[in-house]
Amino acid sequence: MKNLVAVIAAFGIMFSAVPTVSAYAADTSAVVASDTSVETTDMEHLAGEWKYQYTDTTMPVYVSPSDGGTVVINKDGTYKFTSTDGTFSSGKVELGFYTIGGRIFQSISLYEGQDRMFGGYYHSADPDIIYHGNNVASRLIRKDSAAVSIKDFAGSWKEQTADTNAAVEVSFKETGSCEIKADGTYVYTDVNGRTSTGAVYVGDETIGGTVITALRFYNGTALERTASYTPSRPDSIYFGNGGRVRFVRDSKVMLSGDANCDGTVDMSDVVLVMQALTNPDKYGINGSSDKHLTAQGRINADIDGNGLTVGDANAIQNMLLNK
């Protein structure tokens with residue numbers, strides 16, 4: 001895969017064209033007329049590292065995003081794209097603008113020579129995402145806004161529902177449990193023992209200009225419910241805006257030694273623990289690899305309860321040898 005076009009073609013994704021009006025290079029002095037000052041020819045608001053994401057399902061990219069690589073946009077109007085297989089392309093960023101329903105959007109086009117690699121639209125109301133076309137099948141999203149995956153939520157959760165008019169943190173009753181698996185499936189069991197199964201997708205939604213991680217639970221093609229997650233509460237996900245229903249991580253229900261949360265304990269768990277310790281930027285809790293250690297994985301792998309160390313890797317290995 002040589003460039004963005006090759007990445008798109010490789011996954012068989014078709015995109016609608018992005019209309020571009022009054023296109024101009026990034027170093028011109030014209031300013032886009034807008035209800036906000038950020039849609040300008042200045043590259044300051046676009047500079048930085050972005051993830052290129054696509055959807056390989058029938059759902060929009062914000063529901064089921066998959067990573068295709070990274071794009072670094074520079075203040076001088078140049079870019080470099082690196083795909084997930086390590087190939088790259090580079091070139092020029094060109095800006096334009098167009099109006100939809102009286103609202104002005106900035107168009108972003110990435111060119112490698114004369115070839116248009118990517119075209120998307122931007123507005124300051126959604127400052128961390130550049131969507132491609134009208135079918136929302138691919139996008140660029142700022143790297144810091146796309147840092148979680150389904151593996152971060154793999155494990156057992158308790159469902160709690162407020163039993164007063166106060167928030168669920170004040171007074172609650174347990175109303176069920178949910179097992180979220182690393183393959184994106186889940187099994188929910190209510191307090192009466194009835195179960196339901198389906199798929200959970202880790203995506204996002206933008207609220208007040210901020211990208212919030214969203215978990216959407218589907219039963220077949222029907223959306224059952226949506227939960228929100230914030231890093232400040234790593235062991236809770238909330239349903240709805242009233243703060244009355246949540247899942248809390250059940251740390252007591254876990255598979256000791258299962259660092260990668262795949263439901264088994266083997267040498268791959270030992271390897272992940274060592275990778276997380278020796279290369280935390282890539283394999284630690286907030287690592288860049290899609291196979292990084294998760295919060296639940298760290299709990300599982302902390303055999304002695306004194307924090308994750310080389311001793312835990314040795315303990316897991318000894319468990320396997322004893323088997």
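Helices here are DSSP runs of at least four residues and strands are runs of at least two, both numbered from the N terminus. Keep in mind that this is a predicted model.

**The chain overall**

With that naming, the chain comes to five helices and 17 strands. Here are the chain-wide figures:

| Property of the chain | Value |
|---|---|
| Buried residues | 45% of the 323 residues |
| Contacts joining residues at least 24 apart, among those between residues at least 6 apart in sequence | 46% |
| Exposed area | about 15500 Å² |
| Share of the exposed area from carbon and sulfur atoms | 51% |

**The barrel**

Eight of the strands close into a barrel, running in the order E10-E11-E12-E13-E14-E15-E16-E17 with antiparallel pairing. On average, neighbouring strands of this sheet are turned by 35 degrees against each other, ignoring direction. Take one pair as an example: E10 (residues 155-162) and E11 (residues 172-180) are joined in the antiparallel sense by eight bridges. One of the residues involved is Ala162, whose bridge partner in E11 is Phe172.

**Around Asp250**

Now for Asp250, which sits in the loop between strand E17 (245-249) and helix H2 (267-278). Leaving out residues up to four places away in sequence, Asp250 touches Ser156, Trp157 and Lys158. Those three fall within the residue range of strand E10, 155-162.

So what about charge: does Asp250 have a salt bridge or no salt bridge? Asp250 is buried yet has none, and the nearest side chain of opposite charge, Lys158, is 4.4 Å away. A salt bridge needs a side-chain nitrogen of Lys or Arg within 4 Å of a carboxyl oxygen, so this pair does not count as one.

Key
Residues are numbered from 1 along each chain as its sequence is written. This is a predicted model: local features need pLDDT of at least 70, side-chain atom pairs count only at pLDDT 80 or more; totals for chains, interfaces and linings use all residues. Side-chain values use heavy atoms; hydrogens and water are left out. Buried means under 20% relative accessible area, exposed over 50%, partly exposed in between (1.4 Å probe, protein chains only). Lys and Arg count as positive and Asp and Glu as negative; His and the chain ends are not counted. Contact means heavy atoms within 4.5 Å. Two strands pair if DSSP finds at least two bridges between them. Axes are lines fitted to C-alpha atoms, for helices over the stretch in contact, and angles run from 0 to 180 degrees between N-to-C directions. Accessible areas come from the Shrake-Rupley method with a 1.4 Å probe; for residues, only the protein chains shown count as cover.
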